[in-house]
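Visitor: I would like to learn how to read a few features of a protein model. Could you walk me through one?

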Amino acid sequence: VVVATAGTCDLPVAEEAAATLEAAGCEVDRITDVGVAGLHRVIKALPRIQDPDVGCVIVCAGMDGALPSVVGGLARVPVIAVPTGIG
């Protein structure tokens, strides 16, 4: 499972998700600071998001829904959007 964040302000929510997944025995790949304001960072993270071993992507980002929408268009697996109180 990939857990991605738009910015560092989203880290507490993402870490809670990652810790829960790890407690359940899931392997977690954390990708931080890939907000759509710097689209080049999303593109750079694509190999990790599109890795064949990834079964799901969890995106923790602001309430505008921009990053989960972009990742949803690029990922080949289900994307779960987790809105944070920032953005």
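Visitor: How many bridges join strand β3 to strand β4, and do the two run parallel or antiparallel?

Guide: This is a predicted model. In it, strand β3, residues 57-61, and strand β4, residues 79-83, run parallel and are joined by five bridges. To find your place along the pair, look for V57, which stands opposite V79 in β4.

Visitor: Which helix belongs with β3 and β4 in a β-α-β unit, and is that unit right-handed or left-handed?

Guide: Helix α3, residues 66-74, goes with the two strands, and the β-α-β unit they make is right-handed.

Visitor: Let's turn to the cysteines. How many disulfides does the structure hold?

Guide: First the general idea: a disulfide is a covalent bond between the sulfur atoms of two cysteines. In a model, we look for a pair of cysteine sulfur atoms within 2.5 Å. This structure holds zero disulfides. Take C9, which is in none: its nearest cysteine sulfur belongs to C60 and is 13 Å away. C60 is in no disulfide either, and the nearest cysteine sulfur to it, that of C56, is 11 Å away.

Visitor: Is C9 buried or exposed? And is C60 buried or exposed?

Guide: Relative accessibility settles both cases. Exposed means over 50%, so C9 counts as exposed because its value is 53%. Buried means under 20%, and C60 counts as buried because its value is 0%.

Visitor: Now for the empty spaces. How much space lies in the largest pocket, and which residues are closest to its centre?

Guide: A pocket is an open space, while a cavity is one from which the probe cannot get out. The largest pocket here holds about 160 Å³ of space. It is lined by 13 residues, and those closest to its centre are A6, G35, A61, G62 and D64. By class, the lining of this pocket has seven nonpolar, three polar and three charged residues.

Visitor: How many cavities of 30 Å³ or more are there, and which residues line the largest cavity?

Guide: The count comes to one cavity of 30 Å³ or more. About 30 Å³ of space lies in the largest cavity, and its lining is made up of V3, T5, L11, A14, E15, A18, R30 and T32. Two elements, β1 (2-5) and α1 (11-23), each give two or more residues to that lining.

Visitor: Which element gives the most to the lining of the largest cavity?

Guide: That is α1, with four residues. Sorted by class, the cavity lining has four nonpolar, two polar and two charged residues.

Technical notes. Residues are numbered from 1 along each chain as its sequence is written. This is a predicted model: local features need pLDDT of at least 70, side-chain atom pairs count only at pLDDT 80 or more; totals for chains, interfaces and linings use all residues. Side-chain values use heavy atoms; hydrogens and water are left out. Two strands pair if DSSP finds at least two bridges between them. A crossover is right-handed if, with the strands pointing away from the viewer, the path from the first strand over the helix to the second runs clockwise. Buried means under 20% relative accessible area, exposed over 50%, partly exposed in between (1.4 Å probe, protein chains only). On a 1 Å grid over the protein atoms alone, a cavity is a set of points where a 1.4 Å probe fits but cannot get out, and a pocket is an open set with protein on both sides within 12 Å along at least five of seven lines; lining residues have an atom within 4 Å of a point. Grid points are joined across faces, edges and corners, and a volume is the space filled by probe spheres set on the points. Ala, Val, Leu, Ile, Met, Phe, Trp, Tyr, Cys and Pro count as nonpolar, Asp, Glu, Lys and Arg as charged, and the others, Gly among them, as polar.
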